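User: Could you walk me through this structure and tell me how each label is earned? I would like to see the values set against the definitions.

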Amino acid sequence: MNLTLPPIIAVLLFPGGLFLLGSGLFFEYLDRKLVARFQNRIGPRWFQPLADFFKLLAKEEVIPAGTIQSLFILLPIVALAAALTAAMCVPLFGLKPFANYNGNLVVTLYLLSMMTLCIGLAGANTKDRFSIVGATRALTQLFSYEAPFLLALLGPAIVLGTWNISEINSTAGQSMWFILAQPIGFVAALIGLMGKLELPPFDAPEAETEIVAGALTEYSGRGFALFRIGRDVELVVGLTLIASFYLGGFSNPLDFLWKTALLLLVTAALQSLFARLRIDQTVGLWWRVGTILVMAQFVLIILGRTLAPVIAPLLGG
Amino acid sequence: MIPEKFVVPIGPQHPALKEPGHFEFTVDGEIVTNATARLGFVHRGMEKGAEDRTWAQDLYLMERVCGICSHVHAMAFALGVEKLAKVQAPPRAQAIREVIAELERIHSHLLWLGVAAHEGGFDTLFMFSWRDREIVMDLLEAISGNRVNYSANVLGGVKIDISEKQADEVRRGLDQLEVRTAHYMKVVTEDETFLGRTRNIGLMSFEEATLLGAIGPTGRASGVLRDVRVDSPYAGYPEFPVKIITSEAGDLEARFVVRINELYESYRVIREILDHMPAGDLTVRVPRRIPEGETISRVEAPRGELLYFLKSNGSEKPERVKVRTPSLCNWASVLTTAVGHKLADMPMILAGIDPCFSCNDRMVVLQDRSGTQTWDWERLRQYGIEYYK
């Protein structure tokens, strides 16, 4: 859909900025509600994430002794800013993204990693022992899922020959959907996103029964609220990316909604199906299974693309 | 230079613990190299309090030693007092005691299943097993009128009867539970991610378990053949015996399997009692003053052997009541098996013994600037007498 908005509105109000924050909260609600229903619970009411957000904003922020103060305050802001910036490059709600240039796929992926880096730094910044263990785990997890996640999203980009998210989105639906053409990539991307967002069963970095709240143990009030909503935004951006790459893209809000909601349903089911993986199990899963499979698929794609011009004339004549 | 130790404290307040206890795990990266425990955050002075109340009043106090296994405490106390008074509760009372004890075991094991799953980050199993636990809670409420402190015992018998209508209700509830239990058995023995957290984790060999004195399902999962219901049957157990459930594996998975198999055994024995309930009175008269003497009363709580030592001086009040709860016997096994495991396994290993804190806190330790000071029994007793004067 080609809707031209003045840049200031596109960035601050719709589809970025305020509206994006709102949809982030809505997706968090959907996720929590779905998981709750799968677990035979009632789940929160629709405004619960918003209420949580405002409650946290209103709370006193305690800056513990022994931390670098500026870093402590700055990290949540950077994390949220990175997630919001990443959103400018993706076709939210099927609208043409604000930052539309070739190569914005790579920029987006880096911006999405900022969140984990910030969480890791935030944990290492405090002297809390839970935070330090949590930070170590968060960064360990980053190194395990990042490579396969990147490769999984590069698969469609290589086939379509463009590294512009918007172009991939508009051309992904023209032939067979990539979920069928590259199923391994789809699974890796979806599970990678869950690892990125530290959703169960990949929630070892914030396993409450072991290390309380992991890297964010010392955060309260505003900083914690910003981290949380940053994660919600990342959830929306991540789902948008995967839906546009693997589910044939979308060009209107309705298409966007059902495709992302479907993905959310799948992640919610996965969240309630498994016991938490230990951090060594997570790393093992990604490097022993995930990365190798995605790599194999990646090599096949490249081989196919280089060999196709050679073979096609032989076959088709 | 000795490298600096990195200690991860768990407790006294921690999301993994529902009751206060303090554990310090020394870690090297994620590997635990040392573990220590410190208990005593919920000492309530119940043993001392018991000396100041009459025998009948103490029954109510002992029911409140533990919120999860209140019936076995009252039963152990009542059986001990009956032994001292040289009376025997009628067979129907003994059978009803056994029914409620087994229903309590079902509720306790289902509760534990949920807690242990939650510690392993498997919240779905947690929610489901606690939902099904409501069935047995409702049954207990239907029989006794209470969900938690059933208060079924009196000295010399029981105060509640199980009618045929209630028995049918229990049978129906057990049918439902049996189906669910089969499902849980499947989950804990087949679910890959869950097995990844339980199989070969917290391994304790038979020798270790014997050496550390592990009891209850924790010990039985390592092949220790120890179950008071079988070794020295009490209440209704001589007429309606249960089979001892053991496993050789000794890991966390075995502890799950043993407890779930015990659920089946409980279902079976409850049905058997309900079908062959002895007729007769519910109580016999117990004198107000208990004859002088001392006795030991042992019962099998859901967590293992529960031991009561009772001493009477011939008055209305006991001279001494000593409670030794099963959790206390199993701490050593936790601290020993913890070493060498990953920090992520600690909550599950801790939960693996089904710990219960408030019932095993005894010692008073005073800490001042000069160091730690431990009070011996005589001094404690003197302090108690002064305090309650």
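**Labels and the values behind them**

Analyst: Helix α12 (residues 326-338) of chain B lies across β2 and β3 of chain B, at about 160° to β3(B). Axes here are lines fitted to C-alpha atoms, for helices over the stretch in contact, and angles run from 0 to 180 degrees between N-to-C directions. Helices (H or I, at least four residues) and strands (E, at least two) are DSSP runs, numbered from the N terminus. This is a predicted model, in which local features need pLDDT of at least 70, side-chain atom pairs count only at pLDDT 80 or more, and totals for chains, interfaces and linings use all residues. Residues are numbered from 1 along each chain as its sequence is written, while chains are lettered from A and ligands numbered from 1 in the order in which they are written.

User: What makes β1 and β3 of chain B stand at the edges?

Analyst: Strands pair if DSSP finds at least two bridges between them. The open sheet has three strands in the order β1-β2-β3 (chain B), with antiparallel pairing. β1 (6-10) and β3 (31-38) of chain B each have a single partner strand, so one side of each has no neighbour in the sheet. The twist averages 25° from one strand to the next. As for the pairing, five bridges join β1(B) to the antiparallel strand β2 (residues 22-28) of chain B; V8(B), for instance, has F25(B) as its bridge partner in β2(B).

User: Why is chain B called as compact as a globular protein of its length?

Analyst: Chain B has 14 helices and ten strands. Its radius of gyration is 21 Å, close to the 21 Å that the globule rule gives for 389 residues, so the label follows. That radius is taken over C-alpha atoms, and the rule is 2.2 Å times the number of residues to the power 0.38. The C-alpha atoms of chain B fill a box of roughly 70 × 55 × 35 Å along the principal axes.

User: How do you know that the length of helix α5 of chain B agrees with expectation?

Analyst: The expected span is 1.5 Å times one less than the number of residues. For the 22 residues of α5 (residues 123-144) of chain B that gives 32 Å, and the end C-alpha atoms are 31 Å apart, which agrees. Just after α5(B), G145(B) takes a positive phi of about 90°.

User: Is S151(B) buried, exposed or partly exposed, and what about A235(B)?

Analyst: A residue is buried if 20 or more other C-beta atoms, placed from the backbone, lie within 10 Å of its own, exposed if 12 or fewer, and partly exposed in between. S151(B) has 19 such neighbours, so it counts as partly exposed, whereas A235(B) has 27 and therefore counts as buried. S151(B) lies in the loop between α5 and β4 (153-154) of chain B, and A235(B) in the loop between α10 (228-231) and α11 (252-275) of chain B.

User: What makes the phi values of S151(B) and A235(B) worth pointing out?

Analyst: Most residues other than glycine have a negative phi, and most peptide bonds are trans. S151(B), not a glycine, has a positive phi of about 55°, and A235(B), also a residue other than glycine, has one near 45°. Over in chain A, the bond joining P200(A) and P201(A) is cis, with omega about 0°.

Note on methods: Two residues are in contact if their C-beta atoms, placed from the backbone, lie within 7 Å.
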